[in-house]
Every structure is written in structure tokens, then in C-alpha cells.
Amino acid sequence: MITRSVAIGCAAVATVSAAGILNYAVRGRSAQIFGPSVYRGCSSRRSIALTFDDGPSPKSFELIEYLARWNIRATFFQCGINILRHPPIARQIHEAGHEIGNHTYSHLLLRPKLGYKPRINSRRTVARQFSLAQEIIEREVGVTPRLLRAPYGMRWFGMRDVQRELGLLGVMWTVIGHDWEWPARPIADLVLKKASPGGIICLHDGRDIQPNPDVSEMLKAMKVIVPALVDQGYSFETVSELLRP
Ligand SMILES: [Zn+2]
């Protein structure tokens with residue numbers, strides 16, 4: 001009886017621990033288990049990187065016009081499907097001097113949803129998501145990305161191999177603005193509270209693969225975030241620039 005309860009207890013502990021490790025591997029911002037990844041850049045200068053996911057969308061124009069007024073270059077993690085919808089917008093973002101990163105073809109949740117019968121994405125599916133997006137960016141935008149961001153920040157099996165094959169470094173963030181669910185003021189408050197030298201800020205100029213998403217709260221928040229960071233003495237760099245010592 002005693003032996004059994006001990007055995008059950010150990011098994012439970014082992015299960016919790018394995019789940020914890022997997023959760024960290026998938027979501028932990030410093031995790032490298034599924035592939036090389038960074039979540040912040042060099043902190044020796046007062047610089048910060050703005051990143052925008054899920055674009056391009058029709059509203060991306062308004063964003064890059066605003067960034068141009070401040071002479072800011074940012075990093076855009078784009079989805080293949082959205083680029084195919086708006087190739088001129090994707091090109092214009094690149095031509096304005098911003099960095100383009102890979103955010104998969106269709107914004108697939110790489111890790112299966114918990115609580116459902118697991119629909120495990122194969123390594124081949126994961127690789128296809130990044131390689132298709134890479135091909136589309138190269139063909140439609142004319143640049144070869146060196147950075148990727150996993151949809152929802154969730155990494156999965158197969159990423160390490162495709163990262164090696166395509167020469168892609170994973171990028172997480174130091175602060176994510178919840179701009180898909182919050183109004184402008186709390187978005188700006190959170191970003192400004194968490195801003196630090198070498199920080200990587202994650203916002204969205206699209207919404208997964210929706211054709212015409214509402215990103216107006218992000219745009220309003222930007223008009224608070226940028227002047228405040230400039231007042232605090234920050235310069236803005238692309239993620240690749242921010243990673244240089
Ligand atoms: Zn995304």
C-alpha cells in the first residue's frame with residue numbers, strides 16, 4: 001500500500017515536471033529547446049526595437065507613414081498569405097527601410113491545442129510553414145529574411161531543422177502590447193512600463209490572416225509610445241541592428 005502511494009506520488013511529480021519543461025520549451029521567452037532564439041538585444045546603448053506581426057494589412061501604410069515622420073525603422077514579421085493579398089504594401093514596408101521577418105505562411109498554431117484530441121503538427125508541416133513564407137517574401141518583397149517569429153510565440157518540433165536550413169533566428173519579445181484585445185491607453189502604459197535598453201516590443205499591424213483587420217488601437221497607442229520613448233532618450237533600431245554589440 002505504502003509502496004503504491006509512493007509510486008503514484010513520484011509518477012505525478014514526474015508528469016508535472018515534464019509538462020512544465022514542455023511548456024517552457026514552447027512558450028518560454030528565453031527557451032532554446034526547439035531552436036535558437038532571442039528575446040532582447042544589446043543593452044549597452046539606449047536603443048529599443050519595435051516589431052509588428054501578422055501583416056501586411058491595408059492599415060500598414062498608416063503605420064509606416066507615422067514611423068517615417070519619426071525616422072524610425074522597425075521589424076515586421078509577415079505572414080505569407082497576407083503578403084500574397086497585399087504584395088505592394090509588403091514591398092513598400094521593405095523599401096521604407098524596415099526589416100522583414102518570417103511569421104509562417106498561414107499563422108498556424110504550431111503546437112496542438114491542449115484539451116482537445118491532439119492534432120500533432122508534423123515536422124514537415126512546421127518546416128513547410130516557414131519555407132513557404134520564406135519563398136513568398138523572397139519572390140514578392142525581394143529580400144531574404146534572417147529572423148522568424150513563431151505564431152503566438154509558440155515553438156514546436158521541427159523548428160530547429162528549418163531554422164538551420166533557412167538560416168533563421170527566432171525572435172521573442174521583452175513586452176507584448178496585448179493590442180489585439182486592449183484599448184490604446186493600457187497598451188501604451190504596459191509598453192512604456194516595460195521598456196528598457198535592448199528591449200523588443202511586440203505589436204501587430206495585422207490580425208493572423210484576417211483580410212482587413214482593425215488595428216486602430218495599436219495605431220493610437222503608437223502615438224503615445226513613440227513620443228514618450230523619444231523623450232526618455234531612446235533610439236529605435238531594427239532587431240538585427242539591436243542584436244549587434
Ligand atoms: Zn502572429
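Biologist: In which element does Asp-54 lie?

Modeller: The model is a predicted one. Its strand 2 covers residues 47–55. The element that holds Asp-54 is strand 2.

Biologist: Does Asp-54 count as buried or exposed?

Modeller: A residue counts as buried when its relative accessible area is under 20%. For Asp-54 the relative accessibility is 5%, and therefore this residue is classed as buried.

Biologist: Which residues are the protein donors of the zinc ion?

Modeller: The donor residues follow the spacing D-x48-H-x3-H in the sequence. Their donor atoms lie 2.0 to 2.1 Å from the zinc ion: one OD atom and two NE2 atoms. In the order of the chain, the residues are Asp-54, His-103 and His-107.

Biologist: What is the phi angle of His-107, and where is this residue placed?

Modeller: His-107 counts as buried because its relative accessibility is 8%. Although His-107 is not a glycine, its phi is positive, at about 60 degrees. Its place is the loop between strand 4 and helix 5.

Biologist: What is the phi angle of Asp-54?

Modeller: Asp-54 is a residue other than glycine, yet its phi has a positive value. That value is near 75 degrees.

Biologist: Which residue does a cis peptide bond join to Gly-55?

Modeller: The omega angle of this bond is about -5 degrees. The partner of Gly-55 lies in the loop between strand 2 and helix 2. That partner is Pro-56.

Biologist: Why do the buried residues of helix 7 lie on the same side?

Modeller: Helix 7 runs over residues 184–194, and its buried residues are Ala-184, Ile-187, Ala-188, Leu-190 and Val-191. These buried residues share one side of helix 7 because the arc they cover around the axis is only 165 degrees. In general, an α-helix has 3.6 residues a turn, so residues three or four places apart point the same way. The arc that places the buried residues of helix 7 together is thus 165 degrees.

Biologist: Which residues are exposed on the other side of helix 7?

Modeller: The buried residues of helix 7 have a cover that includes strand 7, strand 8 and helix 8. On the other side of helix 7, the exposed residues are Arg-185 and Lys-193.

Biologist: How much space lies in the largest pocket?

Modeller: The lining of the largest pocket has 18 residues, and those nearest its centre are Tyr-152, Gly-153, Ile-176, Trp-180 and His-204. Strand 2 and strand 8 each supply at least two residues of this lining. By type, the lining residues are eight nonpolar, four polar and six charged. The space in the largest pocket is about 360 Å³.

Biologist: How much space lies in the largest cavity?

Modeller: The structure holds one cavity of 30 Å³ or more. Among the residues that line the largest cavity are Gly-35, Leu-148, Arg-155 and Met-172, while helix 6 and strand 6 each supply at least two lining residues. The lining comprises six nonpolar, four polar and two charged residues. The space in the largest cavity is about 50 Å³.

Biologist: What separation is found between the C-alpha atoms of Ala-96 and Val-224?

Modeller: Ala-96 lies in the loop between helix 4 and strand 4. Its relative accessible area is 41%, and therefore Ala-96 is partly exposed. Along the chain, Ala-96 and Val-224 are 128 residues apart. The separation of their C-alpha atoms is 22 Å.

How values were computed:
Residues are numbered from 1 along each chain as its sequence is written. This is a predicted model: local features need pLDDT of at least 70, side-chain atom pairs count only at pLDDT 80 or more; totals for chains, interfaces and linings use all residues. Side-chain values use heavy atoms; hydrogens and water are left out. Donors are N, O and S atoms within 2.8 Å of the metal (3.2 Å for Na, K and Ca); water is not among the atoms, so sites may look incomplete. Buried means under 20% relative accessible area, exposed over 50%, partly exposed in between (1.4 Å probe, protein chains only). Helices (H or I, at least four residues) and strands (E, at least two) are DSSP runs, numbered from the N terminus. The arc is that of the directions from the helix axis to the C-beta atoms. Contact means heavy atoms within 4.5 Å. On a 1 Å grid over the protein atoms alone, a cavity is a set of points where a 1.4 Å probe fits but cannot get out, and a pocket is an open set with protein on both sides within 12 Å along at least five of seven lines; lining residues have an atom within 4 Å of a point. Grid points are joined across faces, edges and corners, and a volume is the space filled by probe spheres set on the points. Ala, Val, Leu, Ile, Met, Phe, Trp, Tyr, Cys and Pro count as nonpolar, Asp, Glu, Lys and Arg as charged, and the others, Gly among them, as polar.
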